[in-house]
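Biologist: Could you pull up the model so we can talk through its charged pairs and its core?

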Amino acid sequence: MFIHRRRGWEIPESQVTPEALFHRRALLGGVAGTLGAAAMVRPAAAWSLFDSKPKAPPAPLKPLSAPRNDRYPAGRAITPESAATTYNNFYEFSEDKSLVDEAQALKTSPWSIEIAGMVKTPRTLGLEDLLKQVKLEERVYRHRCVEAWAMTVPWIGFPLADLVKLAEPLGSATYVKFTTLADPKTMPGLHKPWYPWPYTEGLTMQEATNDLAFLSVGLYGKVMPPQNGAPIRLNVPWKYGFKSAKSIVKVEFTDQRPKTFWEGLQASEYGFWANVNPAVPHPRWSQAEERLIGTDEMVPTKIWNGYGEFVAAMYTDKTGERLFA
Ligand code: MTE
């Protein structure tokens, strides 16, 4: 029987049963969770009982530098690199935040991106070729997870709008769908069949061509580490972090709103728009504040994650849509 379990990151740490206690419960009572029981337990911890954790030390990352674009000041201290690269969400590898070791199995070279759907010429672009056609820059963005934690990260990459331009979409395309790597040989999470793999995300064309939408290939002056979504990931800083798909292999242009990974699991809690708003709580926790990774300081959350002046106008004609969850 298929049992729909809630995933670990759907429960903020404040509501999570301490792991040791949960492990005891799991051993005493079995790990099957129902929707009703799920709010009490943390399936992530349960499944980590069975995850194998291959230990491979992280490879040293190559330096990567690009001029900083200061047009979007973060107004916050940059999160220490050691924190931003060791506290991650990447369900293909683990439901735990400490997945650095598992993620080292990600093979990032060669890497190509399929450009598909409503474009002038569908094709596959090698990442190296793509990088020759864009200009890298560094942007320090606030990064806000739906779980109510946040970081401030110096990403290196290029505007998603540049890729959209290279793709030459047809005028009739209204959405962009992102599909990320799904390799059962290196990604243990792919063997958890209750997830609707592969991880997919979507934006409207207007969002995808907003200057803030960014494709990152590095952070902190280095190439992107596997755990943060090597070799290329999205950053959509005015939306909750789950919109920022990691390890992208396909970009598809379409006139149908894509159904995203988390929508597929729990549409009532993770909608398509997922714009940050402190006044709209997640059904199971408040979004009014966020915990800064690195210092654990609690700070008020800002609407649109503080990027309203650049993005709010895109939503003025969308009354009646569930824009914030
Ligand atoms: N992309 C893939 N492919 N798989 C994932 O599990 N998790 C998302 C997003 N992108 C995820 C993903 C979530 S929930 C968040 S908050 C961010 O990645 C986390 O990015 P970070 O680990 O670099 O902070």
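Biologist: How many salt bridges does the count come to?

Modeller: First, this is a predicted model, so local features need pLDDT of at least 70 and side-chain atom pairs count only at pLDDT 80 or more, while totals for chains, interfaces and linings use all residues. Residues are numbered from 1 along each chain as its sequence is written, and side-chain values use heavy atoms, with hydrogens and water left out. A salt bridge here is a side-chain nitrogen of Lys or Arg within 4 Å of a carboxyl oxygen of Asp or Glu. By that rule, the count is 18.

Biologist: Glu95 and Lys192 meet in a salt bridge; is Glu95 buried or exposed?

Modeller: That pair sits at 3.3 Å, N to O, and links distant parts of the chain, 97 residues apart. Buried means under 20% relative accessible area, exposed over 50%, partly exposed in between (1.4 Å probe, protein chains only). Lys192 has 6%, so it is buried. Glu95 has 3% relative accessibility, so it counts as buried.

Biologist: And which residue does Arg144 meet in a salt bridge?

Modeller: Both partners are buried. The N to O distance is 2.8 Å, and the partner of Arg144 is Glu290.

Biologist: Which strand gives the most to the largest nonpolar core?

Modeller: A nonpolar core is a set of buried Ala, Val, Leu, Ile, Met, Phe, Trp, Tyr and Cys residues joined through side-chain atoms within 4.5 Å. The largest has 84 residues, and Leu160, Trp238 and Phe253 have the most contacts inside it. Strands are DSSP runs (E, at least two residues), numbered from the N terminus. With six residues, the top contributor is strand S4.

Technical notes: Helices (H or I, at least four residues) and strands (E, at least two) are DSSP runs, numbered from the N terminus.
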